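Reader: Hey, I'm new to this one. Can you walk me through it?
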Amino acid sequence: MTRIALVLGCGGTIGGAWMIAALHALAEQTGLDPRDADVLLGTSAGAELVTILGGGTGIDELVAMQRGRTRDLRLLEHIASTPPGVPPLPGPPLLNPRLFRMRSGLAAVAGITPTGRGDAQWLQRLAEGFEVGAWLPHPGSRMVAYDVRAGERVVFGAPGSPIATVGEALRASWATPGWMPPVPVGDRIFVDGGMGSTASVDLIAPADADLVYVIAPMASAPGVRVPGPGGLVEYRLIRHPMSAGLAGEIAAVRARGTTVVPILPTAVDLAGLGAYFMSRARRLTSFEHSMKTAPDTVRAALSEAGIGA
């Protein structure tokens, strides 16, 4: 039997909406219920979705959540609590300049970015709504956060990882510098897993999966970006380095003999998403656009991987 991992990357409010549309298209075209994947690995917005999927909720309810039509009160409350598009004034940085010598890209600047002061209780409530016992009902549910002192990624829920509640893991994975506060777990301090990698597909162990679907809204093919000046800035500062990092991770995982199917937004997808992925005002419009464009994006990704739809 083929072991399947579903990897969901970072992406904020808009990226999360696009991932739900992509998951819906993937389910329709392959018959895969996301809840049936052997491993659910999420980063930031992806960890938010892993919490819901790992808690037993299906893709149709996620679609209904985006449209405000779900009957699940946990999801209705969660979507209504989407953070505003502008964060509160941040605090001083955590100050770990050693990361400049240890890491590159966003990981290198994680120690000097402002400390977020946003209210992360909307994530805590979501986690508590789906947590059963010490973790989520799906035993393969995992969330990536970035240890800002050690300069390394940690996969909560994986064997050998630090012990954390679902709320701690989710808040840590979503702790975007300058937006949401860092999360202490034991004697370690964690920020958004996206500071270490947009999706961390390389943290899927060879024994975990034979087939990996990667849905990563903050990565795209070379040169593919949101149109306009804002899209150019977003591409140069965030999308290009994240895309390059993901490409390297995918190559490494494929070298192990694992099939990896990257599902990344195309220019058509990005034209309806905008350059600012934390825009609460654009969430529903971007989602409905994605529901129209994501099926073609997923179909092309499956075709390229030789997987029939």
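Author: Sure. This is a predicted model. Let's start with Ser279, which has 11% relative accessibility and therefore counts as buried, the cut-off being under 20%.

Reader: Okay, and where is the place of Ser279?
Author: Ser279 is in the loop between helix 10 (267-271) and helix 11 (283-304).

Reader: What does the side chain of Ser279 reach?
Author: The backbone nitrogen of Arg282, at 3.3 Å. Leaving aside neighbours within four places in sequence, Ser279 is also in contact with Thr13 and Ile14.

Reader: Switching topic: why is helix 2 largely enclosed by the rest of the structure?
Author: Helix 2 covers residues 45-54, and 10 of the 10 are buried, so the rest of the structure largely encloses it. Among the buried ones are Ala45, Glu48, Thr51 and Gly54.

Reader: And what comes just after helix 2?
Author: Gly56, which takes a positive phi of about 105°.

Reader: Which residues touch the most other members of the largest nonpolar core?
Author: That core has 72 residues, and the ones touching the most other members are Leu6, Leu8, Leu26, Phe156, Tyr213, Ile215 and Ile263. Helix 1 (residues 12-30) supplies the largest share of this core, 11 residues.

Reader: Pick Leu8. What is Leu8 in contact with?
Author: Setting aside neighbours within four places in sequence, the contacts of Leu8 include Met19, Leu23, Gly46, Leu49, Val50, Leu53 and Ile215.

Reader: How many residues are in the second, separate core?
Author: There are 20 residues in that one, including Val7, Val39, Ala199 and Val212.

Conventions: Residues numbered from 1 in each chain as written. Predicted model: local features only at pLDDT ≥ 70, side-chain atom pairs only at ≥ 80, totals over all residues. Heavy atoms only, no water. Buried < 20%, exposed > 50% of the residue type's maximum accessible area, 1.4 Å probe, protein only. Helix = DSSP H or I, 4+ residues; strand = E, 2+ residues; numbered from the N terminus. Core = buried A, V, L, I, M, F, W, Y, C linked by side-chain atoms within 4.5 Å. Contact = heavy atoms within 4.5 Å. Polar contact = N/O pair within 3.5 Å; in protein donor to acceptor, adjacent residues only side chain to side chain.
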